[in-house]
Amino acid sequence: MSLSLRFLTAKLFLCLCLTLFQHHVTFSASNPTGLTLRAVLDDSPNSPLYLIENMTIAERIERFIQVTNAKDNYLNLNARVGPDNSNSLSRVVMARDGLFYSVWLLIGSQGQEVKLLMDTGGGLTWTQCQPCLNCFPQNLPIYDSTASTTYFTLSCDHPLCQVEGGVYTCVDDLCIYVHNYHGGLYTTGVASLETFYFPKDPSTALTFNNLVFGCSRDSRNVVFQDTELSGIFGMNMMPDSLMSQLSSYTNSRFSYCLVPFPDLIPHTLVLRFGDDIPLFPPERVKTTMFVHAPYLYNYYVNLVTISFLNDRLGFPPSQFQLREDGLGGCFVDSGYLLTAIEDNYVGGVNAYDVLMDLFTAYYESNNLRRTTDPSGLDMCFERPNDFNNFANLTFHFDREADYFVPPQHLHIFQQDHFCVAITRGRYATVLGAWQQQNKRMLYDVGLGRLQFADENCAND
């Protein structure tokens with residue numbers, strides 16, 4: 001069986017799985033087409049890490065890039081959480097841990113507190129589970145599946161375990177998954193069903209029963225270890241992602257607006273779904289369509305070219321296109337901190353090298369000297385006190401959807417130097433979270449499109 005045909009067959013099987021999930025998942029509220037996950041920034045005096053305010057912005061960013069301890073205050077719900085049966089707008093709690101955007105929820109009959117990395121590039125949602133074979137250190141108790149009366153494992157007869165070449169396989173009568181992420185993270189465990197509670201306030205929660213998730217027993221190369229995060233909240237288009245499982249309740253639409261990372265003032269962040277997504281002002285909205293392939297489920301978009309300082313670069317039409325081997329292309333991913341530009345040669349052109357050469361020529365023409373940074377970023381310069389003429393980029397997507405990245409979201413500024421906040425992409429070009437700051441991002445999976453607009457996300 002050819003690679004494309006095998007993946008197409010897998011997709012058909014997974015679509016069947018999604019149909020089964022949507023008939024199996026139940027929801028407690030009677031008006032479930034609007035859902036909001038609320039986020040708070042925990043750099044507050046109530047946080048045990050309040051001293052983070054005495055750190056420079058650069059120190060906070062460096063701590064993330066170097067994969068050191070990123071810990072923030074944990075939002076506690078002291079009252080027992082019960083089901084919400086009202087018709088009111090759905091709002092539940094999230095949090096941001098340092099520079100990680102995370103979803104806060106409770107799982108299982110015991111109401112285990114869990115915080116997961118919000119990842120639009122991830123499929124299966126998973127969390128560490130006891131009993132654990134090789135768990136990374138986390139600052140919240142590890143979820144114990146044996147203590148929950150609503151926990152079930154998936155049978156080997158389940159359609160997920162029948163897909164040839166998929167991430168699931170039957171081992172000793174258990175449906176086992178293995179996930180390898182591009183960044184090197186590896187996790188494996190038991191495919192399972194559980195009840196998820198998304199708290200609205202200290203006394204009520206939205207309840208979803210029988211959601212498919214991963215009960216991870218062995219996880220390695222985890223960038224968020226030693227934080228309160230215990231796994232990933234998957235939001236891509238895989239049928240086992242939560243975006244897909246909850247699609248009948250959210251009209252297959254979700255949106256977020258990321259408050260700038262350097263902002264030390266606590267703000268509320270929200271991950272919105274369905275009817276709770278605000279309308280875009282028509283004069284500000286940009287729309288581009290998703291690029292679909294039978295074996296890829298990330299949010300790929302057609303990147304036509306890039307402008308440097310408003311000068312449109314002459315990349316060949318194939319430069320950022322998705323290739324038959326699954327490499328290349330451009331996708332949007334909140335799980336990436338920094339934007340990555342593919343550094344493979346396409347038609348004799350390396351887009352990453354072209355951009356870095358332009359940054360070098362521009363800043364050296366302004367008599368700035370190269371320097372190094374502990375983060376390991378390639379392009380850093382000393383910063384004179386009187387220099388403020390920083391570069392900008394524009395990503396030109398299909399349908400004339402121009403995505404402007406201002407200087408403050410294109411660079412990382414340290415006390416005496418700055419770095420270009422772009423990394424090498426080994427497989428593809430990725431629009432990361434740093435370049436999504438102060439952008440309203442709307443993923444409309446039902447209509448197959450991405451919409452975005454400039455917005456002051458502190459007002460969300």
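**Exercise 1.** How many bridges join β33 to strand β34 (residues 449-454)?

*Solution.* Begin with the source: this is a predicted model in which local features need pLDDT of at least 70 and side-chain atom pairs count only at pLDDT 80 or more, while totals for chains, interfaces and linings use all residues. Residues are numbered from 1 along each chain as its sequence is written, and side-chain values use heavy atoms, with hydrogens and water left out.

Next come the terms: strands (E, at least two residues) and helices (H or I, at least four) are DSSP runs numbered from the N terminus, and two strands pair if DSSP finds at least two bridges between them. The count asked for is 6, and β33 and β34 run antiparallel. Within this pairing, Arg440 has Ala453 in β34 as its bridge partner. The two strands form a hairpin with 4 residues between them, and Gly448 in the turn has a positive phi of about 65°.

**Exercise 2.** Describe the other neighbour of β33 given here, strand β15, and state which residues of β33 are buried on each face.

*Solution.* Strand β15 (residues 253-257) is joined to β33 by 5 bridges, and the two run antiparallel; Tyr256 has Met441 in β33 as its bridge partner.

For the faces, recall that in a regular strand the side chains alternate between the two faces of the sheet. Buried means under 20% relative accessible area, exposed over 50%, and partly exposed in between (1.4 Å probe, protein chains only). On one side of β33, Lys439, Met441 and Tyr443 are buried, and on the other side Arg440, Leu442 and Asp444 are buried as well, which agrees with the count of 6 buried residues out of 6 in this strand.

**Exercise 3.** Two loop residues are to be compared: is Gln435 buried or exposed, and is Asp157 buried or exposed?

*Solution.* Gln435 lies in the loop between β32 (429-431) and β33 (439-444), and it counts as buried because its relative accessible area is 2%. Contact means heavy atoms within 4.5 Å; leaving aside residues up to four places away in sequence, Gln435 touches Leu338, Thr339, Tyr403, Val405, His409, Leu410 and Ala421. The side chain of Gln435 also reaches the backbone oxygen of His409 at 3.1 Å.

Asp157, placed in the loop between β9 (152-153) and β10 (168-171), is exposed because its relative accessible area is 69%. From Asp157 to Asp173 there are 16 residues in sequence, and the C-alpha to C-alpha separation is 9.3 Å.

**Exercise 4.** What is the strand order of the open sheet of 4 strands, and which strands stand at its edges?

*Solution.* The order is β20-β19-β27-β28, with antiparallel pairing. Strands β20 (311-312) and β28 (401-405) each have a single partner strand, so one side of each is left without a neighbour in the sheet. Between β27 (residues 393-397) and β28 there are 5 bridges, and His396 stands opposite Asp402 in β28.

**Exercise 5.** Follow helix α5 from its start to the residue after it, listing its buried residues.

*Solution.* At the start of α5, a side-chain oxygen of Asn350 reaches to within 3.1 Å of the backbone nitrogen of Tyr352. The helix covers residues 351-365, and its buried residues are Ala351, Tyr352, Leu355, Met356, Phe359, Thr360, Tyr362 and Tyr363. Asn367, which follows α5, has a positive phi near 65°.

Methods
The expected span of a helix is 1.5 Å times one less than its number of residues. A polar contact is a pair of N or O atoms within 3.5 Å; within protein, one must be able to donate a hydrogen and the other to accept it, and residues adjacent in sequence count only if both atoms are side-chain atoms.
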